Amino acid sequence: MEERLISNLQQFLLELGKGCAFIGRQYRMSIGGKHFRVDLLFYHRILKCFVLIDLKRGEIDHQDVGQMNLYLNYFKKKEATEGDNEPVDIILGAYKNHILVEYATDSIANKILLAKYQLYLPDKQQLENALNRLLEL
């Protein structure tokens, strides 16, 4: 998935919005004598914050949330400069256990966004149903 996103980086950046700049892939961090890597790293120059993206082939779980919380805390303390806002993390996975994720993110102050990716667009009926559910709220 990461390779496909990189090969279509221009379109992906446009989807992230105006002002988003690509920093790198597999960005290395050294924390407590151990090395970690975030899949994709961006900087949003309008929002003035780093955007970390973690890609998961399978289910998003509590360990992924804890790992990204670690990365966000690192970026706040070591990578951000004066005037930067707090970093944002996006975890993209094939699916997530809603209850597990709710408990894992409940008391976290960092901005961690979890999203499900789809390999194919839903059909017209699925889109209409989803839109109707949103309009009912």
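In this predicted model, the sulfur of Cys49 lies 8.4 Å from the closest cysteine sulfur, which belongs to Cys20, and this separation is too far for a bond. A disulfide is a covalent bond between the sulfur atoms of two cysteines. Because a disulfide requires two cysteine sulfur atoms within 2.5 Å, the separation of 8.4 Å between Cys49 and Cys20 rules out such a pair. In line with this, the structure holds zero disulfides. Cys20 is accordingly in no disulfide, the nearest cysteine sulfur being that of Cys49. Both cysteines are nevertheless shielded by the burial criterion: Cys20 is buried, with a relative accessible area of 13%, and Cys49 counts as buried at 4% relative accessibility.

Strand pairing was examined next. Strand 1, comprising residues 20-31, runs antiparallel to strand 2, comprising residues 34-44, and 10 bridges join the two. Within this pairing, Tyr27 has Val38 in strand 2 as its bridge partner. The two strands form a hairpin, with two residues between them. In the turn of this hairpin, Gly32 has a positive phi of about 60 degrees.

Charged side chains were then considered, and the count of salt bridges comes to three. One of them involves Lys56 and Asp54, whose side chains meet at 3.3 Å, N to O. A further salt bridge is formed between the side chains of Asp64 and Lys56, at 3.2 Å, N to O. Asp54 and Lys56 are both buried. For Lys56, the relative accessibility is 16%, and the residue counts as buried because this value is under 20%. Asp64 is likewise buried, since its relative accessible area of 8% is under 20%.

The salt bridge between the side chains of Lys76 and Glu86 has an N to O distance of 4.0 Å. This pair links distant parts of the chain, 10 residues apart: Lys76 is in helix 3 (residues 62-79), whereas Glu86 is in the loop between helix 3 and strand 5 (88-93). Lys76 counts as partly exposed, with a relative accessibility of 31%. Glu86 also counts as partly exposed, at 37% relative accessibility. Through shared partners, salt bridges join Asp54, Lys56 and Asp64 into one network. In that network, Lys56 meets Asp54 and also meets Asp64.

Technical notes:
Residues are numbered from 1 along each chain as its sequence is written. This is a predicted model: local features need pLDDT of at least 70, side-chain atom pairs count only at pLDDT 80 or more; totals for chains, interfaces and linings use all residues. Side-chain values use heavy atoms; hydrogens and water are left out. Two strands pair if DSSP finds at least two bridges between them. Helices (H or I, at least four residues) and strands (E, at least two) are DSSP runs, numbered from the N terminus. Buried means under 20% relative accessible area, exposed over 50%, partly exposed in between (1.4 Å probe, protein chains only).
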